[in-house]
Amino acid sequence: MYHPHLMLVLLVHQLKKNPCGKFIGSGQKQMLINLYKRKIAEQPSITVKEMVKLLSRDTGIGQNTIQTTIADYKNAKPIQSPNKKKIRLTFKEKVDDFERNAIRKKVHDFWFSRQVPTLDKILISVNSDPTLNTYKRTNLYHLLRELNCTYCKRGRNSALIERDDIVLWRTKYIQDIRKYRQEGRSIYYLDETWANIGDCMEKIWVDKTVKSRRDAFLSGLSTGAPNPTGKGKRLIIVHILSEDGFVNGGLLVFESKKGSADYHDEMNGDSFFDWIKGVIPLLKDNSVIVMDNAPYHSVKAERCPTMSWKKTDIESWLDQKCEVYEKPLNKVGLMNIVNRIKPQLTNTS
């Protein structure tokens, strides 16, 4: 036979504690309350803190759970089992509208930069943005589908699509060139470029396996000098030619001063105008000049006022045109006069 005291010791040691975070039901709560009533009847002077420790030791339930159950009992709250099912939001529900619009913009940025937006590229772009959340590949795929981004197969006969205005522009250019050639007019082409001092070294390293620019492009390699870095001296070169070759006396070469990474920054309307004035007498009569749409190729000889001008500047411009008007006059009235005489200036220029 076992001694009663020994049996109590064995029961205490064999008591299994309630796992941390595990909910207790309404039946267990009622047993706690009954045990609390009996203990408080046996020991009326016991404090709540000591009672909680005693009940936790006897039942194996955590002290926080016991303390909450006793507090609910004292406040006459109904005994009920907790909601064991937590409402967990899916990853789609956690993505707000701002995040969705940012991801949609990432997809459009690839098209804007003339790149194909594959899932891997979008994933890298989104996860590398510190303002956005980090996504798994599968989750991002489903999110893109929800954003109405369709993953479709490209046809074997697919082709690059150009804007309609570009197609129309090129068609008109070809028609004009054919017309000028039929008329027997000489056609001259002009352009600008640069020569970096680093491209004029006596010896350089060359990959002998690269036979052409096309081979280099297909192999992911590069041939020739890249865009200028702005370090060191650089020469800006302007020239004009026709089917007879370069025009004698049409070469313009000057040293870059700004150190900009783009040679277009070195040219301006004044320098180009001075150069073209000296070139035109060297060309054949009734000839045609073909040039691109660089900003300095089409600079207005005179700027017309706009609403951003100061009122005094608009008045000075009108005074130079010998325009008579009643003073004082607000800016809206002054611009009304400017818009009235602007077509006349365009037709006479």
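I will go through two helix contacts that share helix α4, and then turn to an aromatic pair in helix α11. Please keep in mind throughout that this is a predicted model.

Let me begin with helix α3, residues 48–59, and helix α4, residues 63–74, which pack at an angle of about 120 degrees with their axes 9 Å apart. Since angles over 115 and up to 145 degrees fall outside the roughly perpendicular and roughly antiparallel ranges, that makes α3 oblique to α4. The crossing in which α3 passes α4 is right-handed. On the α3 side the contact is made by Val48, Val52, Lys53, Leu55, Ser56 and Thr59, and on the α4 side by Gln63, Ile66, Gln67, Ile70 and Lys74. By class, these residues are five nonpolar, four polar and two charged.

Helix α4 also meets helix α2, residues 26–42, and here the axes come within 10 Å and cross at roughly 75 degrees, so α2 and α4 are roughly perpendicular to each other. From α2 the contact takes in Lys29, Leu32, Ile33, Tyr36 and Lys37, while α4 contributes Ile66, Thr69, Ile70, Tyr73 and Lys74. This contact has six nonpolar residues, one polar and three charged.

Now to the aromatic side chains, where a search of the whole structure finds one pair. The ring centres of Phe272 and Trp275 lie 5.9 Å apart and the ring planes stand at 45 degrees, so the pair is tilted. Phe272 and Trp275 are three residues apart in helix α11, residues 269–279, and are therefore separated by about one helical turn. As for accessibility, both Phe272 and Trp275 are buried.

Terms used. Residues are numbered from 1 along each chain as its sequence is written. This is a predicted model: local features need pLDDT of at least 70, side-chain atom pairs count only at pLDDT 80 or more; totals for chains, interfaces and linings use all residues. Side-chain values use heavy atoms; hydrogens and water are left out. Axes are lines fitted to C-alpha atoms, for helices over the stretch in contact, and angles run from 0 to 180 degrees between N-to-C directions. Helices (H or I, at least four residues) and strands (E, at least two) are DSSP runs, numbered from the N terminus. Angles under 35 degrees count as roughly parallel, over 145 as roughly antiparallel, 65 to 115 as roughly perpendicular and the rest as oblique. A crossing is left-handed if the near helix is turned anticlockwise from the far one by less than a right angle, and right-handed if clockwise. Contact means heavy atoms within 4.5 Å. Ala, Val, Leu, Ile, Met, Phe, Trp, Tyr, Cys and Pro count as nonpolar, Asp, Glu, Lys and Arg as charged, and the others, Gly among them, as polar. Rings of Phe, Tyr and Trp (its six-membered ring) pair if their centres lie within 6.5 Å; planes under 30 degrees apart count as stacked, over 60 as edge-to-face and the rest as tilted. Buried means under 20% relative accessible area, exposed over 50%, partly exposed in between (1.4 Å probe, protein chains only).
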